[in-house]
Amino acid sequence: MTRSFLGWPAFPEAAEREVGNRQLRENVRRATHTIRGKRAVLAAERPDWEALRDTAAAIKDQVLSRLEEYLLQVEEKVTAAGGTVHWARDAAEANRIVTDLVRATGETEIVKVKSMLTEEIGLDAALEAAGINARETDLAATIVQLGDDLPSHVVVPALHRNRSEIRDIFVREMGRHGRPAPEGLTDDPAELAEAARLHLREKFLGAKVAVSGANFLVAETGTLVVVESEGNGRMCLTLADTLISVVGIEKTVPRWQDLEVFLQLLARNATGERMAPYTSTWTGTTDGDGPAAFHLVLVDNGRTRALADPVGRQALRCIRCGACMNICPVYERTGGHAYGSVYPGPIGAILNPLLKGLDDPQTASLPYASTLCGACNDVCPVRIRFTDVLLDLRAQVADGGQHPVERAALGAVGSVMAHQAAWKAAVKGIGVVGPLLLPRKIRLPGPLGGWTDSRALPDIPRESFRSWWKRTEGATE
């Protein structure tokens, strides 16, 4: 896909637009509720579920504390197995490396699988500029690419589309990029899947170069792991002559046996399955079996920036399962596009600012894209404390001088709260005057309008909790 989130508006503006899309809200609500319901059942059947989460978090923290050591081990093992390792400091360097590798093969069309990092760095656009056509092969990514759309979820990128919309995209676009959709295609899921299979089969059989990501990278053996549900990954990883894997440095795990932990957590959280239908592993090259040339591109692109943040570095534990999105009340109402990144939802609200910095309005607004309800903390398989990171990032935004009106307002409230008599008087006053003067629907002026544009004020009680407690001594009847 060559569209990108470059120049995307800040979350408040983008979210306001998306919240008004009733069909999108319904599509997202239906999909997220289905996945999280299945996840809850499968998590409950494991008596060691919390222990698995603890172990996964501990393994990831061990990796982050010794990341340089493990990455050098990866390079050694991959090279010994016949692969070539490339290091990319940022998106531009990664795109140049991959583009040069594809050019060297003389091919002008490639297939892709597990493309989230390549979307992060804008690889498709870089390849297109070099005259190379990159075709997505994950079903949801194919829908997004054919529809000239953008991904809205880390596991189900086309989650915001319904069956009817997908059918229209297939009928309109498939023929422009290869095998057309069958005549009389309906929106029956089996028919849509068959249309995609026939269209993509031509791509798999004709491609000489494949680009992949990876879910995990095992330092002990130099093995890469792709977990997927459709079999397209296995087609990409085995049929091409040249395989180029573009992987974030944080995807490393120390030992082969560590996969036991993550494979039990990933599918249950991501799709509500005990195990993904396809788990593919490969180590370097083997004569007469699979690609003849293997290149591993290890990408930083802000990850060492995140690693240096003592609170935020825990975001690098993320295994991209999407559980935090499926439980988030904000994501459910705005969808993924409002976050302006391939990483939406709670993980996007913390990871994007950590990777890119807080020096622009788009990233600076993301830590505020949360109610701080903590539901994401409860479901994260690697125990990321999203609320801790969100609050720390908000403090960094405030200390950087952004949101001056909010800073001034909170400072004023803090001054009043610091004096008990003044605070009691303020609470008592608003309890008496508020219900008379403040309508439930109010539009505050200027920058404060963001609080009231889509909110109705709750009823203001005439009596404060403290007064009720003092009067009743906490008794309930």
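**Figure 1. Helices H10 and H11 run roughly parallel to each other in this predicted model.** The angle between H10 (residues 189-206) and H11 (residues 232-239) is about 20°, which falls under the 35 degrees that count as roughly parallel. Their axes lie 9 Å apart, and the crossing is right-handed. H10 contributes Arg-201, Phe-204 and Leu-205 to the contact, and H11 contributes Asn-232, Met-235, Cys-236 and Leu-239. By class, five of these residues are nonpolar, one is polar and one is charged.

**Figure 2. Packing of helix H9 with helix H10.** The two axes come within 11 Å and cross at roughly 30°, so H9 is roughly parallel to H10. This crossing is left-handed. On the H9 side the contact is made by Arg-163, Ile-166, Arg-167 and Phe-170; on the H10 side it is made by Pro-189, Leu-192, Ala-195 and Ala-196. Six residues of this contact are nonpolar and two are charged, with no polar ones.

**Figure 3. Surroundings of Ser-152, in the loop between helices H8 and H9.** The loop joins H8 (139-146) to H9 (163-173). Ser-152 has a relative accessibility of 2% and therefore counts as buried, the cut-off being under 20%. Its side chain makes a polar contact of 2.6 Å with the side chain of His-160. Apart from neighbours within four places in sequence, Ser-152 is in contact with Pro-157, Leu-159 and His-160, and also with Tyr-331, Gly-336, His-337 and Pro-344.

Methods
Residues are numbered from 1 along each chain as its sequence is written. This is a predicted model: local features need pLDDT of at least 70, side-chain atom pairs count only at pLDDT 80 or more; totals for chains, interfaces and linings use all residues. Side-chain values use heavy atoms; hydrogens and water are left out. Helices (H or I, at least four residues) and strands (E, at least two) are DSSP runs, numbered from the N terminus. Buried means under 20% relative accessible area, exposed over 50%, partly exposed in between (1.4 Å probe, protein chains only). A polar contact is a pair of N or O atoms within 3.5 Å; within protein, one must be able to donate a hydrogen and the other to accept it, and residues adjacent in sequence count only if both atoms are side-chain atoms. Contact means heavy atoms within 4.5 Å. Axes are lines fitted to C-alpha atoms, for helices over the stretch in contact, and angles run from 0 to 180 degrees between N-to-C directions. Angles under 35 degrees count as roughly parallel, over 145 as roughly antiparallel, 65 to 115 as roughly perpendicular and the rest as oblique. A crossing is left-handed if the near helix is turned anticlockwise from the far one by less than a right angle, and right-handed if clockwise. Ala, Val, Leu, Ile, Met, Phe, Trp, Tyr, Cys and Pro count as nonpolar, Asp, Glu, Lys and Arg as charged, and the others, Gly among them, as polar.
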